[in-house]
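This report looks at the packing of one protein chain, moving from single residues to a helix and its partners and then to the nonpolar cores. The sequence and the structure are shown first.

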Amino acid sequence: MFYCTEKRSWPRKIFSGIQPTGSLHIGNYLGAISRWVDLQNAGENVTYCIVDLHSITLPQDPGRLQQNITLMTAALLACGIDPKKSTLFLQSDVRQHAELGWILGCLTTMARLGHLPQFKEKSSKLKDIPLGIFVYPVLQAADILLYKATHVPVGEDQVQHLQLAQHLAKIFNTKFGITFPHCHALVSEDLSNRIKSLRDPTKKMSKSDPDPKATILLTDSPNIVAEKVRKAITDFTSEVTFDPENRPGVSNLITIHSLMNGKSPEEICSSNTDVDTGKYKGRVAEAVVEHLNPIRKRIEEYLQHPDYLRQVLEEGGHKAALLAEETLQEVKDRMGLGRTGTR
């Protein structure tokens, strides 16, 4: 049976998630987490998830994964996520994510998933491709739809995965009746999504980069930050000028500097005409250290209280599970799943 998809008004809800695969770096912080905090503090209805089920698409050491979950929780709180204003939880604590993921997987096709860019990129580097690499965008869609999110903060590289969530919501609504809203991408238009690797400024800064000098972690000491910035790849021109296309290395440093101190790239360039790029790196390092030091210290403090971090995730998981179960039961009822007369 097919149902019409008449328009319906949905309350604004925001969902986003992050993998617990190592310490946050400044690209994560500036491009995602600081936006999460702004949305939270603006009074939005926000749900944030540490997506540990997504992290196991590639092999994980169990002990290290637990450490990373703890570290990620501490880092999110240190950056300003407030459990009293946001719902913060661990994905694997809410079983409905996996269950809705299976249901949505039965509504899509291999051809659709095979065309997603991140599958092509990741599978090209693997001899044996785990099934999770192929189907994780469906779980990602379940993450979003389970909370009936209307808006999702994403980077430009994730827009196509959000389109899959939109596609699956439309398919479900058409076949079984209006259940899910159309989710919209919240793509930042500022410089925050343009943080590049310090060692290869043509690539995005990444937690998985094999070169530890390519990323600045929130947990890095001032000396380590200064060393990484000092060794950042620039070019042979001494002037401090902002030209991302022709001078990606120094432009990346200017972008980082701009986001750390709130000044525009033009203001930064005009105030650094008295130094060459070598000395300018020192000023960038100072700005980064000044901005990150309070966060790094708060992370260290939170890590001294693991019971509190577990409590935050437990309480957030309980809140999330109540919402998730409500949605899942609606999905099951519409599809005819479950034992007759149990609901």
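Is Arg-247 buried or exposed, and at what relative accessibility? The model is a predicted one, and in it Arg-247 counts as buried, because its relative accessibility is 8% and the limit for a buried residue is under 20%. Arg-247 lies in the loop between H9 and H10, where, leaving aside neighbours within four places in sequence, Arg-247 is in contact with Asp-235, Thr-237, Glu-239, Val-240, Thr-241 and Thr-277.

Three further residues are buried as well, and the table sets out the place and the relative accessible area of each.

| Residue | Place | Relative accessible area |
|---|---|---|
| Val-225 | helix H9 | 3% |
| Gly-177 | loop between helix H8 (159-176) and strand E5 (184-186) | 5% |
| Lys-148 | loop between helix H7 (131-146) and strand E4 (151-153) | 14% |

Lys-148 also deserves a remark on its backbone, since most residues other than glycine have a negative phi. Lys-148 has a positive phi of about 50 degrees although it is not a glycine.

Helix H9 and its partners can be taken next. The buried residues of helix H9, which spans residues 222-230, are Val-225, Lys-228 and Val-229. Why do these residues lie on the same side of H9? They cover an arc of only 95 degrees around the axis, and this puts them on the same side of the helix. As a general rule, an α-helix has 3.6 residues a turn, so residues three or four places apart point the same way. The face of H9 turned away from the buried side carries Asn-223 and Arg-230, which are exposed.

On the buried side, the residues of H9 pack against helix H10 (248-261) and helix H12 (277-303). Of these two pairings, the one with H12 can be described in detail: the angle between H9 and H12 is about 145 degrees and their axes are 9 Å apart, while the crossing in which H9 passes H12 is right-handed. H9 contributes Pro-222, Val-225, Ala-226, Val-229 and Arg-230 to this contact, and H12 contributes Lys-281, Val-284, Ala-285, Val-288, Val-289, Asn-293 and Arg-296. By character, the residues of the contact between H9 and H12 divide into 8 nonpolar, 1 polar and 3 charged.

Val-225 is thus one of the buried residues of H9 and takes part in the contact with H12. Leaving aside neighbours within four places in sequence, Val-225 is in contact with Ala-285, Val-288 and Val-289, and also with Ile-216 and Asp-220. Its C-alpha atom is separated by 46 Å from that of Glu-326, a residue 101 places away along the chain.

The nonpolar cores complete the picture. The largest nonpolar core has 56 residues, and those with the most contacts inside it are Ile-26, Leu-76, Leu-88, Leu-218 and Leu-292. Helix H3 (residues 62-79) supplies the largest share of this core, with 10 residues. Apart from this core lies another, of 38 residues, which includes Phe-89, Phe-119, Ala-141 and Ala-169. Within the largest core, Ile-26 may serve as an example of how contacts join distinct parts of the sequence: not counting residues up to four places away, Ile-26 touches Gly-31, Ile-195, Met-205, Ile-216, Leu-218, Ile-256, Met-260 and Leu-292.

Key:
Residues numbered from 1 in each chain as written. Predicted model: local features only at pLDDT ≥ 70, side-chain atom pairs only at ≥ 80, totals over all residues. Heavy atoms only, no water. Core = buried A, V, L, I, M, F, W, Y, C linked by side-chain atoms within 4.5 Å. Buried < 20%, exposed > 50% of the residue type's maximum accessible area, 1.4 Å probe, protein only. Helix = DSSP H or I, 4+ residues; strand = E, 2+ residues; numbered from the N terminus. Contact = heavy atoms within 4.5 Å. Arc of directions from axis to C-beta. Axes fitted to C-alpha atoms, helices over the stretch in contact; angles between N-to-C directions. Left-handed = near helix turned anticlockwise from the far one by under 90°. Nonpolar A, V, L, I, M, F, W, Y, C, P; charged D, E, K, R; others polar.
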